2 protein chains.
Amino acid sequence: MADADRNAPIGGETLLFLTDEQLRQGIEAMFFAYRGFTADPDRILAEYSYGRAHHRALHFINGAPGTTVNNLMSILGVTKQSLNRVLRTLIGDGLVESRVGRSDKRERHLTLTEKGAELERALSDAQRARMRRAYRDAGPEAVSGFKRVLEAMMDPEMKRQYSALREGRG
Amino acid sequence: MADADRNAPIGGETLLFLTDEQLRQGIEAMFFAYRGFTADPDRILAEYSYGRAHHRALHFINGAPGTTVNNLMSILGVTKQSLNRVLRTLIGDGLVESRVGRSDKRERHLTLTEKGAELERALSDAQRARMRRAYRDAGPEAVSGFKRVLEAMMDPEMKRQYSALREGRG
DNA sequence: CTTGGAATGTCAACAAGACTGACTTAACCT
DNA sequence: AGGTTAAGTCAGTCTTGTTGACATTCCAAG
């Protein structure tokens, strides 16, 4: 903390003296926090013998109904074969519906069924509950800092997708 | 559900109105940021045909030299079989040294060899570089908020380990 | 109209990294 | 001496990712 106080303004920009130890703490915080982040949904998924990949697919289909397989692939950052395996089980289990596109019939538009929406809700309720607790414990200024650092940590392409998702939902 | 999500004023505490959309943004930010967080080390690891599991082992052995297998297991949150596979390759490749404990000869104390320390340095340099950029872009207040939210997101046991590691390094 | 490329899907094979369960060895402790 | 603990190992399974090859369908440029 003493190091953080050593920031001197140089040429209008704020200068930060970041020790390796401070950065290391951030790295470990990310590691442990991500475990907490996924812990609650993981417990629910285990009951259905689904995995995180299924959760991610449900999450982003829910957030962008009618999305195509290609779009989902690039958001999730996995190959079509990997995504396809997950989608096949979700479609087979009646959680996701795949409809042929009207303008481009090669495309498949993915939406959640009522059953799929139910599971998605259970998963995201659990995840949001932890998030809400964390936000409340940390306070509103902490939350905006949290988001700023996370955004700055993303690759430009991820940041683009992250922003696009927010704008798509208004 | 929407009304239930609203925070009620409770004796003098800060009031936060957290919409599902705000929490969802945080969830997606964690998802995309974690990808960025692991991207740089992953590229280096691929050259050595190691994986994230090796990185995590190297990281925590470096941070707590002489740690035992049991301790490492509980920090990483994996089974001994899973950890053992990783340690076996690291020891076999001469990156990690395993020494029988002096007081308790059942224990094996793990340390990095010079070669292991080199790889750990390369990996953490890459990861720290991104972290440093993110911290500078976001600014010092953002950083403290970032850490507060992450800590609040951890399970109590993880938080305990996280704090113990920091204190162990002073 | 034909052909090339794009989007999707499928099949197969493989690897990393996690898991459980059973078992051994050695060392420790009561 | 007997029970517990630490570590290591073997075997088998699961999820989730990867490549590569190939079929189908469709759109669009020539």
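Biologist: What makes chain A differ from a compact globule of 170 residues in radius of gyration?

Modeller: This is a predicted model. A compact globule of 170 residues would have a radius of gyration near 15 Å. Chain A has 20 Å. Its C-alpha trace spans about 60 × 35 × 30 Å along the principal axes.

Biologist: Which elements make up chain A, and in what order do they run?

Modeller: Chain A has seven helices and five strands. From the N terminus, the order is β-β-α-α-β-α-α-β-β-α-α-α.

Biologist: Where does UniProt place the "HTH marR-type" domain in chain A?

Modeller: The UniProt entry, which is unreviewed, lists residues 20–155 of chain A for that domain. Over those residues the chain is 74% helix and 9% strand. The end C-alpha atoms of that stretch lie 22 Å apart.

Biologist: Why is the pair A:E28 and A:R24 called a salt bridge?

Modeller: The cut-off is 4 Å between a side-chain nitrogen of Lys or Arg and a carboxyl oxygen of Asp or Glu. The closest N and O atoms of A:E28 and A:R24 are 3.3 Å apart. The pair therefore qualifies under the 4 Å rule.

Biologist: What separates A:E28 from A:R24 along the helix?

Modeller: Both sit in helix α1 (residues 20–48) of chain A, four residues apart, so about one helical turn separates them.

Biologist: How do you know that A:R169 and B:E21 form a salt bridge?

Modeller: Their side chains meet at 3.0 Å, N to O. The limit is 4 Å, so the pair counts as a salt bridge. Between chain B and chain A the count is 10 salt bridges. Over all chains the structure holds 28.

Biologist: How many residue pairs are in polar contact across the interface of chain B and chain A?

Modeller: The rule finds 25 such pairs, both residues at pLDDT 80 or more. On the side of chain B that touches chain A, α1 (20–48), α2 (52–63), α3 (69–76), α5 (114–138), α6 (140–153) and α7 (156–169) each supply at least two residues. The largest share, 19 residues, comes from α1(B). By class, that side has 32 nonpolar, 14 polar and 18 charged residues.

Biologist: How is the size of an interface often given?

Modeller: As the accessible area lost when the parts come together. Here chain B and chain A bury about 6700 Å² between them. Carbon and sulfur atoms carry 68% of that area.

Biologist: How many residues does each chain bring to the contact?

Modeller: Chain B brings 64 residues and chain A brings 62. Contact here means heavy atoms within 4.5 Å.

Definitions and conventions
Residues numbered from 1 in each chain as written. Chains lettered and ligands numbered in written order. Predicted model: local features only at pLDDT ≥ 70, side-chain atom pairs only at ≥ 80, totals over all residues. Heavy atoms only, no water. UniProt positions renumbered as here; feature names shortened; annotations may be inferred. Buried area = accessible area lost by both parts, 1.4 Å probe. Polar contact = N/O pair within 3.5 Å; in protein donor to acceptor, adjacent residues only side chain to side chain. Nonpolar A, V, L, I, M, F, W, Y, C, P; charged D, E, K, R; others polar. Rg over C-alpha atoms; globule rule 2.2 N^0.38 Å.
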